[in-house]
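Please read the points below with the coordinates open. They are comments on the fold, the confidence and a few individual residues.

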Amino acid sequence: MRALKRTLAVAATLIAGTATLTACTEEQAYCVDLAGYAANAVNVDPQNPADYTKILEDAKKLQGSAPAEVKDDWGVVVAFAEKAKAAGTDRVELARLSKQTGGVMTAYKTISTHAKDSCKVDVPQLN
């Protein structure tokens, strides 16, 4: 009976340790992807919706792997980038979208703060 309890305790410890390592690995993978995104987002002009298409694929990837704290914020960025992509070169639609950047800027600020605090990654500021 004593051996069974010890075996169960060891198994529980291993399972808990594996779960912790997996979570850490997922966070690290997000941080690595975030660093790649930061390199690609350097020339994105937040007032030019067409520029958001430059970061769309990276943003989608990050939305999928983002921790809960910023997953919804990535959703805002992705949704806006998809609208910009759909607008293409339609100047009227792009002008309309440029008036809707407030929510994207707020979401991006949250992402930027999280990136710096959790991943030690500086993402380009959108001004």
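The notes that follow go from the whole chain to its core and then to single residues.

1. Status of the model. The coordinates are a predicted model, and the remarks here should be taken in that light. The mean pLDDT of the chain is 78, and 77% of the residues reach at least 70. The weak part to flag is residues 2-23, where the pLDDT is below 50. That stretch has zero contacts in the model beyond near neighbours in sequence. Where pLDDT is low, the predicted coordinates should not be read in detail. Helix 1 is assigned to residues 2-40, and the low-scoring stretch covers residues 2-23, a point to keep in mind when helix 1 is drawn or described.

2. Overall fold. The chain contains five helices and zero strands; read from the N terminus, the order of elements is α-α-α-α-α. Of its 127 residues, 33% count as buried. About 7800 Å² of the chain is exposed, with 58% of that area supplied by carbon and sulfur atoms. Among contacts with a separation of 6 or more, 61% are between residues 24 or more positions apart.

3. Nonpolar core. How many residues does the largest nonpolar core have? The number is 30, and the residues with the most contacts inside this core are Tyr30, Leu34, Tyr37, Trp74, Val77 and Val123. At least two core residues come from each of helix 1, helix 2 (56-65), helix 3, helix 4 (91-98) and helix 5. Helix 3 provides the largest share, eight residues.

4. Leucine 34. This residue is one of those with the most contacts inside the core. Leaving aside residues up to four places away in sequence, leucine 34 touches Leu62, Trp74, Ala115, Cys119, Val121 and Val123. Two of these partners, Trp74 and Val123, are also listed among the residues with the most core contacts.

5. Aromatic cluster. The ring-pair count is two. In one pair, tyrosine 37 meets tryptophan 74 edge-to-face, with 5.2 Å between centres and 90° between planes. This pair links distant parts of the chain, since tyrosine 37 belongs to helix 1 and tryptophan 74 to helix 3 (residues 68-87), 37 residues apart. Tyrosine 37 and tryptophan 74 are both buried. The other pair joins tyrosine 37 to tyrosine 108 and is tilted, at 6.4 Å centre to centre and 55° between the planes. Tyrosine 37 is in helix 1 and tyrosine 108 in helix 5 (residues 101-119), so this pair ties together parts 71 residues apart in sequence. Both of these tyrosines, 37 and 108, are buried. Through the ring pairs, Tyr37, Trp74 and Tyr108 form a cluster. On the pair with tyrosine 108, note that the 6.4 Å between centres falls within the 6.5 Å cut-off for ring pairs.

6. Valine 70. Is this helix 3 residue buried or exposed? Valine 70 has a relative accessible area of 1% and is therefore buried. Its contacts, not counting residues up to four places away in sequence, are with Tyr30, Thr110, Ile111 and His114. Valine 70 and tyrosine 108 are 38 residues apart in sequence, and their C-alpha atoms lie 9.3 Å apart.

7. Threonine 101 and serine 112. Both residues belong to helix 5. Threonine 101 counts as buried because its relative accessibility is 7%. A polar atom of the threonine 101 side chain lies 3.4 Å from the backbone oxygen of serine 98. Serine 112 is also buried, at 8% relative accessibility. Apart from residues up to four places away in sequence, serine 112 touches Val123 and Gln125.

8. Lysine 120. This residue sits in the segment after helix 5. Lysine 120 is not a glycine, yet it has a positive phi of about 60°. With a relative accessible area of 67%, lysine 120 is exposed. A reader checking backbone geometry may wish to look at this position.

Terms used:
Residues are numbered from 1 along each chain as its sequence is written. This is a predicted model: local features need pLDDT of at least 70, side-chain atom pairs count only at pLDDT 80 or more; totals for chains, interfaces and linings use all residues. Side-chain values use heavy atoms; hydrogens and water are left out. Rings of Phe, Tyr and Trp (its six-membered ring) pair if their centres lie within 6.5 Å; planes under 30 degrees apart count as stacked, over 60 as edge-to-face and the rest as tilted. Helices (H or I, at least four residues) and strands (E, at least two) are DSSP runs, numbered from the N terminus. Buried means under 20% relative accessible area, exposed over 50%, partly exposed in between (1.4 Å probe, protein chains only). A nonpolar core is a set of buried Ala, Val, Leu, Ile, Met, Phe, Trp, Tyr and Cys residues joined through side-chain atoms within 4.5 Å. Contact means heavy atoms within 4.5 Å. A polar contact is a pair of N or O atoms within 3.5 Å; within protein, one must be able to donate a hydrogen and the other to accept it, and residues adjacent in sequence count only if both atoms are side-chain atoms. Accessible areas come from the Shrake-Rupley method with a 1.4 Å probe; for residues, only the protein chains shown count as cover. pLDDT is the predictor's confidence in each residue, from 0 to 100.
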